[in-house]
Amino acid sequence: MAFSLPSVLVVTNDEATRAATLGALEREGYPNDSATNGEDALEKLYGRGFDVVLADTNMTGMSGLDLAESVRKEQLNTEVVLVCANPTVETTSHALRLGVYDFLVKPLDNPQIISSLMRRLNDKVRLNRQNQLLLRDLQ
């Protein structure tokens, strides 16, 4: 079975972070898209589905934490990575309780951060996909 790279949805209203992150993903060959808020991100997740959501914790309307909670409640097969400029212990612990895959600190201006994260996520996403196929075969 051939394994395609994970698809990534970048969710942030910070244009510089969005551009830098999308650029790093494109250079590595990862299929990607973006949304400027959590509500648009959920629409894209329901419409197309993504393997990974990389979301800012601080956005207008639905926060990244709210988005992570929605992904978990809806049982979407999506790994969530949160990004925060000024993380607190409370924010970080809440994110971990929600089951986020990772919690990164801004700025994400070094492309190696994204590259390293995605290499780690490749195995996780591959296993998620294999589990989905096995569950489908059992039904």
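Helices and strands are runs assigned by DSSP and numbered from the N terminus, and with this numbering Met-62 can be placed in the loop between β3 and α3. The model described here is a predicted one. Met-62 makes a friendly starting point for a tour. Its relative accessibility is 15%, and since buried means under 20%, Met-62 counts as buried. Setting aside neighbours within four places in sequence, Met-62 is in contact with Gly-38, Glu-39, Leu-42, Leu-67 and Ser-70. A separation of 34 residues along the chain lies between Met-62 and Glu-28, and their C-alpha atoms are 29 Å apart.

The overall architecture comes next. Five helices and five strands make up the list of such elements in the protein chain. Followed along the sequence, they give the pattern β-α-β-α-β-α-β-α-β-α. The C-alpha trace spans about 45 × 30 × 25 Å along its principal axes. For 139 residues, a compact globule would be expected to have a radius of gyration near 14 Å, and the value for the protein chain, 14 Å, agrees with this. Of the 139 residues, 45% are buried. Among contacts with a separation of 6 or more, 62% come from residues 24 or more positions apart.

The surface can be described in a similar way. The accessible surface of the protein chain is about 7,600 Å², and carbon and sulfur atoms account for 48% of this area. As for charge, the protein chain carries 14 positive and 19 negative side chains, with the centres of the two sets lying 5 Å apart.

The strands deserve a closer look. In a regular strand, side chains alternate between the two faces of the sheet. Strand β1 offers one case: Val-8 and Val-10 point one way, Leu-9 and Val-11 point the other way, and all are buried. Strand β1 pairs with strand β2, residues 32–35, in the parallel sense over four bridges. Within this pairing, Val-10 has Ser-34 of β2 as its bridge partner.

Val-11 belongs to strand β1. With a relative accessible area of 0%, Val-11 is buried. Not counting residues up to four places away in sequence, Val-11 touches ten residues' worth of surroundings that include Ala-35, Asn-37, Gly-38, Ala-41, Val-53, Leu-54, Ala-55, Asp-56, Met-59 and Leu-67. One of these, Gly-38, is 27 residues away along the chain, and its C-alpha atom is separated from that of Val-11 by 6.9 Å.

Strand β4, residues 79–84, is mostly covered, with six of its six residues buried. Both of its faces are covered: Glu-79, Val-81 and Val-83 are buried on one side, and Val-80, Leu-82 and Cys-84 are buried on the other. Strand β3, residues 52–56, runs parallel to β4 and is joined to it by five bridges. Asp-56 has Val-83 of β4 as its bridge partner.

Glu-79 is a member of strand β4. Which residues does Glu-79 touch, not counting residues up to four places away in sequence? They are Asp-51, Val-52, Val-53, Tyr-101, Leu-121, Lys-124 and Asn-128. The relative accessibility of Glu-79 is 11%, so Glu-79 counts as buried.

Asp-51, one of the residues touched by Glu-79, is found in the loop between α2 and β3. Is Asp-51 buried or exposed? With a relative accessibility of 14%, Asp-51 counts as buried. The C-alpha atoms of Asp-51 and Thr-78 are separated by 4.8 Å, although these positions lie 27 residues apart along the chain. Beyond residues up to four places away in sequence, Asp-51 touches Leu-5, Pro-6, Ser-7, Asn-77, Thr-78, Glu-79, Val-125 and Arg-129.

Helix α3 completes the picture. Spanning residues 64–73, helix α3 has Gly-64, Leu-65, Leu-67, Ala-68, Ser-70 and Val-71 as its buried residues. These buried residues pack against β1, α2, β3, β4 and α4. Two of the names have already appeared, as Leu-67 and Ser-70 are among the contacts of Met-62. Leu-67 is also touched by Val-11 of strand β1. After α3 comes Gln-75, whose phi is positive, near 55 degrees.

Methods
Residues numbered from 1 in each chain as written. Predicted model: local features only at pLDDT ≥ 70, side-chain atom pairs only at ≥ 80, totals over all residues. Heavy atoms only, no water. Helix = DSSP H or I, 4+ residues; strand = E, 2+ residues; numbered from the N terminus. Rg over C-alpha atoms; globule rule 2.2 N^0.38 Å. Buried < 20%, exposed > 50% of the residue type's maximum accessible area, 1.4 Å probe, protein only. Contact = heavy atoms within 4.5 Å. Areas by Shrake-Rupley, 256 points an atom, 1.4 Å probe, with all protein chains shown as cover. Lys, Arg positive; Asp, Glu negative; His and termini not counted. Charge placed at Lys NZ, Arg CZ, Asp CG, Glu CD. Pairing = 2+ DSSP bridges.
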